[in-house]
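Notebook open, model loaded. I want to go through the strands and then take a look at the surface.

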Amino acid sequence: MGNDSGAPQPGFDHWEGFKGQGEYYNPRINTNGEWIQYKDSTYVTDLLTDHALKFIDEQRQEGKPFFVYLSHKGVHDNFSAAKRHKDCYKDKELVLPATIDEPKYGLTNPPTIDPKTGKAAHGKDFYGEEMKPNWVKHQRESWHGVDYSYHGRPWKDQVRKYCETLRSVDESIGSVMDYLEKNGLAENTLVIYMGDNGFAWGEHGLIDKRQFYEESVRVPMLVWAPSILKGGTVVEQMVQNVDVAPTILACAGLDKAEQMVGYSFLPLLEGQDIPWRDRIFYEYYWEHEFPQTPTMHGVRTDRYKYIRYHGVWDTNEFYDLANDPDERHNLIASPEHQETIKQLNHELYDWLESTDGMRIPLKRTERPHTDHRNQGYY
């Protein structure tokens with residue numbers, strides 16, 4: 001919300017916030033400007049859910065419409081499940097992602113040299129897994145990789161603790177939905193369930209977000225509004241988080257604010273065939289605290305994804321998502337795709353110029369200041 005102080009932010013009638021990421025047990029919460037310290041093994045997910053339901057109930061009793069933004073601490077590291085869920089997955093086997101053993105180095109089909117021309121002739125596998133960027137290997141070997149996850153905590157244990165911690169969030173959603181059903185609010189309430197970011201749990205050998213791989217850039221999103229939407233609709237078009245606010249405003253009968261760059265996807269939910277974006281763009285700028293992930297820019301269409309890296313000597317990436325949804329085969333050097341790559345690169349630079357993205361930001365690495373991503377003195 002702009003800083004890590006926990007102080008109330010504009011636009012809310014009722015505010016509850018942490019300082020930074022807060023605590024799982026016995027949290028300290030800023031409620032409308034007053035810090036309240038909870039005790040007696042209070043678990044943060046349960047506390048926030050109870051407070052959200054209390055707020056909704058107060059509005060219902062007064063006959064008021066309401067907007068609730070319920071954003072949980074779970075599942076941020078250091079994962080800590082509710083006591084009722086602790087170790088519930090301790091003995092469960094994990095389903096390993098298909099790309100957990102990447103990156104691989106060394107060609108499975110080595111190049112040969114033509115004695116007449118002196119040029120290398122490469123086998124079909126040259127454009128495959130061996131073309132992964134070096135930064136992926138470096139991150140895999142860092143605390144954001146499966147080999148040394150979270151500074152040496154066993155990766156499989158972390159996945160299990162993550163899933164155990166998430167169970168209370170699942171219960172929270174159920175509690176909210178049950179309340180709406182039991183109190184006659186279900187038919188006239190819009191519920192949007194989504195994550196604030198994707199997350200890699202072993203895909204490409206990595207842990208974390210920030211990359212432009214599918215596991216990182218995609219988020220779960222479910223929309224429930226019985227009075228206006230038919231259940232079971234699947235939207236194939238590319239919806240982004242910037243579209244959420246315009247959609248909520250549209251459901252309230254309001255136009256989006258002029259500065260909003262997203263669009264209401266309510267017509268898509270209703271099954272309408274409307275003009276819509278055919279590509280999304282991505283930008284990430286290097287951060288001091290996460291030095292393994294470089295500055296990158298990318299573009300994704302329904303079929304292809306192009307990623308270029310800035311400030312590092314490394315290979316860019318290009319994937320055919322229709323034939324390679326796991327992004328295992330980097331086709332950046334594939335001759336038959338060079339025109340497509342060139343066109344996407346051109347569109348990417350046009351977008352960066354139109355959005356002021358050519359001015360790469362520098363983030364302060366001193367304290368005190370209000371950017372929670374920069375911790376400590378350097």
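Before the hairpin, a reminder to myself: I call two strands paired if DSSP finds at least two bridges between them. This is a predicted model, so I keep local features to pLDDT of at least 70.

Entry 1, the hairpin. I looked up strand 2 (residues 28-31) and strand 3 (residues 34-37), and they pair in the antiparallel sense over 4 bridges. Isoleucine 29 has isoleucine 36 in strand 3 as its bridge partner. The two strands make a hairpin with 2 residues between them. I checked the turn as well: asparagine 32 sits there with a positive phi of about 50°.

Entry 2, the sheet. I traced 4 strands in an open sheet, order 10-11-12-13, with antiparallel pairing. Strand 10 (279-284) and strand 13 (317-320) are the edges, each pairing on one side only. Neighbouring strands here are turned by 10° against each other on average, direction ignored. Then I went to the middle: strand 11 (residues 295-301) pairs with strand 12 (residues 304-310) over 6 bridges, antiparallel. For histidine 297, I found arginine 308 in strand 12 as the bridge partner.

Entry 3, the helix on the sheet. Which strands does helix 7 lie across? I get strand 10, strand 11, strand 12 and strand 13 for helix 7 (residues 338-354), which runs at about 60° to strand 12.

Entry 4, the surface. I found a nonpolar patch made of Phe12, Phe67 and Tyr69, with about 360 Å² of accessible area together. Tyrosine 69 is in the loop between helix 1 (44-61) and strand 4 (112-113). Is tyrosine 69 buried or exposed? I noted it as exposed, because its relative accessible area is 57% and the cut-off is over 50%.

Methods. Residues numbered from 1 in each chain as written. Predicted model: local features only at pLDDT ≥ 70, side-chain atom pairs only at ≥ 80, totals over all residues. Heavy atoms only, no water. Axes fitted to C-alpha atoms, helices over the stretch in contact; angles between N-to-C directions. Contact = heavy atoms within 4.5 Å. Patch = residues over 30% accessible without salt bridge, like charges linked within 9 Å, V, L, I, M, F, W, Y side chains within 5 Å. Areas by Shrake-Rupley, 256 points an atom, 1.4 Å probe, with all protein chains shown as cover. Salt bridge = Lys/Arg side-chain N within 4 Å of Asp/Glu carboxyl O. Buried < 20%, exposed > 50% of the residue type's maximum accessible area, 1.4 Å probe, protein only.
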